[in-house]
Amino acid sequence: MRWLSDNAVKRLREEADLPDLGGSKYLVIHKVGAGGMGTVYLAQDVDLGRKVAVKVMNQADSAGALASRMMREARIVALLEHPSIVPIHDVGALEDGRVFYSMKLVQGNRLDEFAGGTSSISDLLRIFQKVCEAVAFAHARGVIHRDLKPENIMVGPFGEVLVMDWGVAKVLGEGRVDADRGAKDDRTRLRVIQNADLVATLPLAPDASPGDTSGGTVIGTPAYMAPEQAEGKTDLLDQLSDVYALGAILYFLLTRRVPFEATGSAEGTRIRPPRPRQINRKIPRAIEAVCLKAMSEIREDRYASAEEIAADVIRFLDGEPVLAYPENIFEKTGRWLNKNRFIVLLIFAYLIMRVLVFFFVGR
Amino acid sequence: MDDSPHGTPRDRFPVTRMSAVVAASSSNQEERTRAFEVLVSAYWMPVYKYVRIKWNKPTEDARDLTQGFFLEAIEKNFFGRYDASKAKFRTFLRTCLDGFVANENKAASRKKRGGDATILSLDFEGAEEQLRVAPTPSANAIDDYFDKEWVRSVFSLALEGFRAEMLGAGKKTHLRLFERYVLCAEEGAEKPSYKALAAEFDLSTSDITNYLAYGRREFRRIVLDKLRELTATDEEYRRESRALLGVDPE
């Protein structure tokens, strides 16, 4: 018998580890990435002859709790039809009991990698604006993401921006989607309810026990999470928590630093990060103010919605005053001059020309 | 002979095989012999290397101890004492092995078991060659080393089974392609792209996808079959499947 080398054993394990999608129309090609609940694979859709991404649950789940969560995640994403939210193609179960869903294959770079390149602040802010718009769209449908961070945002080759990984998302409140009840009633259908006060909680963080969203459970990524989230106050989590995370992403884009890198743990003491301009004096005060407002420790001081952040970012990009920053007269003048510099230059050139004419021709 | 890209539909999950661990203590002599062969084929190499490294035995002594261990295991029905609720079978086997070697050391007058006669044709030279090229594990990593060697053994046996099945089913292209794609790692090469394989094998890329998917599925089934043989209980089987293949089979 031929004994295998370490490399060969490693490769064979990788190959055998790939899920058997034999009963579906997908053929797995290779692993793309892994999370707490599921692993994402590159696969071939045999019927349509295209590449897709397939997320497969890590464990078979005879009790059905994990499978229900995965189905719920798929339903949530399916509900959120938006250009910046990756579309789901279908959902199914493998013969070994694991649930999977297929989605559009997103190619490009994660935002944290993309931001490390040579992109200008304006380019990054335009991307950030799209992220805010996608999150605002989800909020409007009662879905909060709860794990917004640059690693969960993809920037495609055509400039498209996709908010990924809705695995710990949560559906809130009245008139919203009853994904939880849908899981029980009909595993493939979403429906809208009129008077729901129930909170359907989607798949949890890897370490959380199934169904555990009671107070004290920390869900998400500590480096970007809101204080109420870091403290495990799950009943307080709402769109304002996502607003905070958006502010933290903006902080990263402006400074290239993770806001809470120093603590690394939700349980640890959170040290308030330095203001962006303390890291880089070139960061404009107005956009710093947008970031700090979104990241306010006091929930009421934050932007009321992701849409409001997007609006302020657009104002900043258009040279308009942002709501987060009251300008003094000099700053107003400076911004006006900067915004209208072409006209100012023309007027200036005209005045110089008049002076020259006055001196050389008028005499 | 079927050499079509999709192959024939087969069971996606392992057919139930009798556990060799359980069969090792069967009252049926034929079953016991067969179980013994299965266990020896999977464990002799890890046992030999373990004896060489942990017990620091010279080649000849390690050979004798390896053969002696398995011989005594079947004579005294070591494996019949295994309690799956207490440990993994290979942990139990390693504990038995340590006890056996310690006793042999104490006796100091260990008799040669049949002199140079072998109970099975074991490739000790091959094992020595591997020991020569592989780094020696540290003393506190010896348990992990045994586990790692066991995994190597399982996959080597599974690959051998895979080869036999593919050739038996006339799926030479599946086999060549699977080996070309997966085992190029032995030479330290990167995996070839599907496009490159398509050109090399004169197939379409979708055929390559199908052939490899079939090969993976069959190889995985054979690994799971092997695990079923080498574990005593369903729970242990699931645990080992999870550890080796990252999934809990339903």
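Which residue of S3(A) stands opposite Thr39(A)? In this predicted model, that position is taken by Val56(A). The pair belongs to the contact between S2(A) and S3(A), two antiparallel strands joined by eight bridges. The hairpin formed by S2(A) and S3(A) has four residues between the strands, and Gly49(A) adopts a positive phi near 65° there.

Both strands are part of an open sheet of five strands in chain A, ordered S1-S2-S3-S5-S4 with antiparallel pairing. Strand S1 (26-34) and strand S4 (88-93) of chain A form the edges, each pairing on one side only. On average, neighbouring strands of the sheet are turned by 25° against each other, direction ignored.

S1(A) is paired with S2(A) in the antiparallel sense through seven bridges; Gly33(A) has Val40(A) of S2(A) as its bridge partner. Strand S3 (residues 50-57) of chain A also pairs with strand S5 (residues 99-104) of chain A, again antiparallel, over five bridges. Within this pairing, Val52(A) is matched with Lys104(A) of S5(A).

Helix H2 (residues 65-79) of chain A packs on the sheet and touches strand S2 (38-45), S3, S4 and S5 of chain A. The direction of helix H2 makes about 165° with that of S4(A). A helix from chain B is also placed against these strands: helix H9 (residues 205-230) of chain B lies across S1 and S2 of chain A and runs at about 75° to S1(A). S2(A) is largely enclosed by the rest of the structure, because six of its eight residues are buried.

How values were computed:
Residues numbered from 1 in each chain as written. Chains lettered and ligands numbered in written order. Predicted model: local features only at pLDDT ≥ 70, side-chain atom pairs only at ≥ 80, totals over all residues. Pairing = 2+ DSSP bridges. Axes fitted to C-alpha atoms, helices over the stretch in contact; angles between N-to-C directions. Contact = placed C-beta atoms within 7 Å. Buried ≥ 20, exposed ≤ 12 C-beta atoms within 10 Å, placed from the backbone.
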